[in-house]
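Subject: The structure I promised, with notes

Hi,

Here is the structure we talked about. Have a look at it first, and then read on for what turned up.

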Amino acid sequence: MIVQGGEAHSTTGHSFVAQANYATALGRDLTRVVSCNTTSIVRVLGALENAGLLLRARGVTGRAECRRVHYSSWD
């Protein structure tokens with residue numbers, strides 16, 4: 001089963017971005033497709049890493065929804 005990025009990572013135990021972890025999704029019964037924001041971050045960071053231009057990254061994404069702001073951090 002594939003669930004959307006709005007679900008918590010703990011729902012499936014796996015978050016999927018094809019460019020980064022396709023192989024780890026093979027054979028799984030469940031995975032979660034991450035949001036478009038997360039996908040774009042992973043694609044950019046992956047390209048930088050493949051070019052040898054990334055040692056480490058840390059960031060925060062934020063979005064406003066229904067007068068509340070949701071923040072997600074990644075490391």
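Below are my notes, going from the overall picture to single residues.

Some ground rules before the details. This is a predicted model, so I should say that local features need pLDDT of at least 70, side-chain atom pairs count only at pLDDT 80 or more, and totals for chains, interfaces and linings use all residues. Residues are numbered from 1 along each chain as its sequence is written, and side-chain values use heavy atoms, with hydrogens and water left out.

**Overall picture**

The protein has two helices and five strands. Helices (H or I, at least four residues) and strands (E, at least two) are DSSP runs, numbered from the N terminus. Going along the sequence, their pattern is β-β-α-β-α-β-β.

Of the 75 residues, 19% count as buried. Buried here is under 20% relative accessible area, exposed is over 50%, and partly exposed is in between, with a 1.4 Å probe and protein chains only. About 6,000 Å² of the protein is exposed, and carbon and sulfur atoms supply 54% of that; such areas come from the Shrake-Rupley method with a 1.4 Å probe, and for residues only the protein chains shown count as cover.

As for contacts (heavy atoms within 4.5 Å), take those with a separation of 6 or more: residues 24 or more positions apart account for 28% of them.

**The sheet**

Three strands form an open sheet in the order 1-3-2, with parallel pairing. Strand 1 (2-3) and strand 2 (15-16) are at the edges with a single partner strand each, so one side of each has no neighbour in the sheet. Two strands pair if DSSP finds at least two bridges between them. Strand 1 and strand 3 (residues 31-33) run parallel and are joined by two bridges. Within that pairing, I2 is opposite T31 of strand 3.

**Just before strand 3**

The loop between helix 1 (18-25) and strand 3 holds L30, and D29 sits in that loop too. L30 is partly exposed, at 32% relative accessibility, while D29 is exposed, at 67%. Beyond its neighbours within four places in sequence, L30 is in contact with M1, T11, T12 and H14. L30 and G13 are 17 residues apart along the chain, with 7.8 Å between their C-alpha atoms. D29 and M1 are 28 residues apart in sequence, yet 6.1 Å apart in space from C-alpha to C-alpha.

**Rings, patch and a glycine**

There is one aromatic pair. The ring centres of F16 and Y22 are 6.4 Å apart and their planes are at 55°, so the pair is tilted. The rule: rings of Phe, Tyr and Trp (its six-membered ring) pair if their centres lie within 6.5 Å; planes under 30 degrees apart are stacked, over 60 edge-to-face, and the rest tilted.

On the surface, V44, L48 and L53 make a nonpolar patch of about 280 Å². Patch residues have over 30% relative accessible area and no salt bridge, with like charges joined within 9 Å and nonpolar side chains (Val, Leu, Ile, Met, Phe, Trp, Tyr) within 5 Å. A salt bridge is a side-chain nitrogen of Lys or Arg within 4 Å of a carboxyl oxygen of Asp or Glu. L53 is in the loop between helix 2 (36-50) and strand 4 (59-65), and it is exposed, at 63% relative accessibility.

Finally, G59 lies in strand 4 and is buried, at 14% relative accessibility. The C-alpha atoms of G59 and I41, 18 residues apart along the chain, are 9.5 Å from each other.

Cheers
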